[in-house]
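Subject: Structure for you to look at

Dear colleague,

I am passing on the structure we talked about, together with some notes on what came out of it. Please open it beside this message, since the notes are easier to follow with the chain in view.

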Amino acid sequence: MVRNADVPELLERFMEESGESRRWVTVHEIRAHFCLNMSASSAISGFLQRIYSGTYLAFPYRVERIEWILVDARPHPRTIKKYLIAKRPGARGKKLPHPKPEKTPGMHGEILTDYDAVEHFNRVLGRNRAHADSQE
C-alpha cells in the first residue's frame with residue numbers, strides 16, 4: 001500500500017520517466033507503471049485533485065484539466081477521470097544546498113554562530129561590570 005506522503009515523489013518520477021512536460025494520464029496508468037494495487041488509487045486521485053485545486057504549490061507539476069472518459073469494459077461500462085498534467089512554468093529542480101558565504105554582505109567580519117554571539121555578549125557584559133565596579 002502506498003502512503004499519501006509517497007504520492008508526490010511517485011508522480012514526479014512518473015512524469016520524468018515519461019520524458020514529457022505535459023501529458024494526459026489516468027490513475028490506472030500510474031498504478032500500472034509502479035505495479036501498485038487498487039488500494040493506492042484513492043491516494044493518487046486525491047493528490048491529483050489537490051494539485052488541480054492549487055493547494056500544493058510547491059509541487060513542480062500541476063493538473064490543468066480533468067475530463068471524464070467512458071471506458072467500455074464489458075459487461076459494465078464505467079467512467080473514469082483523466083488528468084492533464086503539465087510542468088509548472090518556472091518550476092525549479094530540486095534545491096541544492098548553498099555554501100555559506102565567508103562574509104556577510106554589508107558587514108565587516110565573519111558570520112557569527114550562536115556560540116560566538118553568547119561569548120561576545122559575555123565579554124561586553126564583563127566590561128560593563130568592570131566599568132561599574134571601578135566607578136564605585
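In what follows, two residues are said to be in contact when heavy atoms of theirs lie within 4.5 Å. On that footing, among the contacts in the chain with a separation of 6 or more, 47% are accounted for by residues 24 or more positions apart. Please keep in mind throughout that this is a predicted model.

The overall layout

The chain holds four helices and three strands, and, read from the N terminus, its elements follow the order α-β-α-α-β-β-α. Of its 136 residues, 23% are buried, while the accessible surface comes to about 10500 Å², with 55% of that area belonging to carbon and sulfur atoms.

The nonpolar core

The largest nonpolar core has 20 residues, and those that touch the most other members are Leu 11, Ile 30, Ile 44, Leu 48, Ile 51, Tyr 83 and Ile 85. Two or more residues of this core come from each of helix 1 (7-18), helix 2 (27-33), helix 3 (41-53), strand 2 (61-71) and strand 3 (78-87). Ile 51 is a useful residue to click on here: once its neighbours within four places in sequence are set aside, Ile 51 is in contact with Leu 11, Tyr 56, Phe 59, Tyr 61, Arg 62, Val 63 and Arg 88.

Helix 1 and helix 3

Helix 1 is made of 12 residues and spans 16 Å from its first C-alpha to its last, which is close to the 16 Å expected at 1.5 Å a residue. Its buried residues include Val 7, Pro 8, Leu 10, Leu 11, Glu 12, Phe 14 and Met 15, and the cover over the buried residues of helix 1 includes strand 1 (22-25), helix 2, helix 3, strand 2 and strand 3. Glu 9 also belongs to helix 1, but Glu 9 has a relative accessibility of 54% and therefore counts as exposed, the cut-off for that class being over 50%. The C-alpha atom of Glu 9 is separated by 9.4 Å from that of Phe 59, although the two residues are 50 residues apart along the chain. Just after helix 1 comes Gly 19, with a positive phi of about 75°.

Helix 3 has 13 residues, and the distance from its first C-alpha to its last is 18 Å, again close to the expected value, here 18 Å at 1.5 Å a residue. Ser 41, Ala 43, Ile 44, Phe 47, Leu 48 and Ile 51 are its buried residues, and what covers them includes helix 1, helix 2, strand 2 and strand 3. Helix 3 is followed by Gly 54, which has a positive phi near 85°.

The loop between helix 2 and helix 3

Three residues in this loop may be worth a look. Cys 35, which lies in the loop between helix 2 and helix 3, has a positive phi of about 55° although it is not a glycine. Is Cys 35 buried or exposed? With a relative accessibility of 71%, Cys 35 counts as exposed.

Leu 36 lies in the loop between helix 2 and helix 3 as well, and at 23% relative accessibility Leu 36 counts as partly exposed. Not counting residues up to four places away in sequence, Leu 36 touches Leu 10, Arg 31 and Ile 44.

Ser 39 is another residue of the loop between helix 2 and helix 3, and with a relative accessible area of 35% Ser 39 is partly exposed. Its C-alpha atom is separated by 9.9 Å from that of Arg 3, and the two residues are 36 residues apart along the chain.

The largest pocket

The largest pocket has a volume of about 290 Å³. It is lined by 14 residues, of which Val 27, His 28, Ser 41, Arg 78 and Ile 80 are the closest to its centre. Helix 2, helix 3, strand 2 and strand 3 each give two or more residues to the lining of this pocket, and strand 3 supplies the largest share, five residues.

With best wishes

Note on methods
Residues numbered from 1 in each chain as written. Predicted model: local features only at pLDDT ≥ 70, side-chain atom pairs only at ≥ 80, totals over all residues. Heavy atoms only, no water. Core = buried A, V, L, I, M, F, W, Y, C linked by side-chain atoms within 4.5 Å. Buried < 20%, exposed > 50% of the residue type's maximum accessible area, 1.4 Å probe, protein only. Expected span 1.5 Å × (residues − 1). Areas by Shrake-Rupley, 256 points an atom, 1.4 Å probe, with all protein chains shown as cover. 1 Å grid on protein atoms, 1.4 Å probe; cavity = no way out; pocket = protein on both sides within 12 Å on 5 of 7 lines; lining within 4 Å. Points joined across faces, edges and corners; volume = space filled by probe spheres on them.
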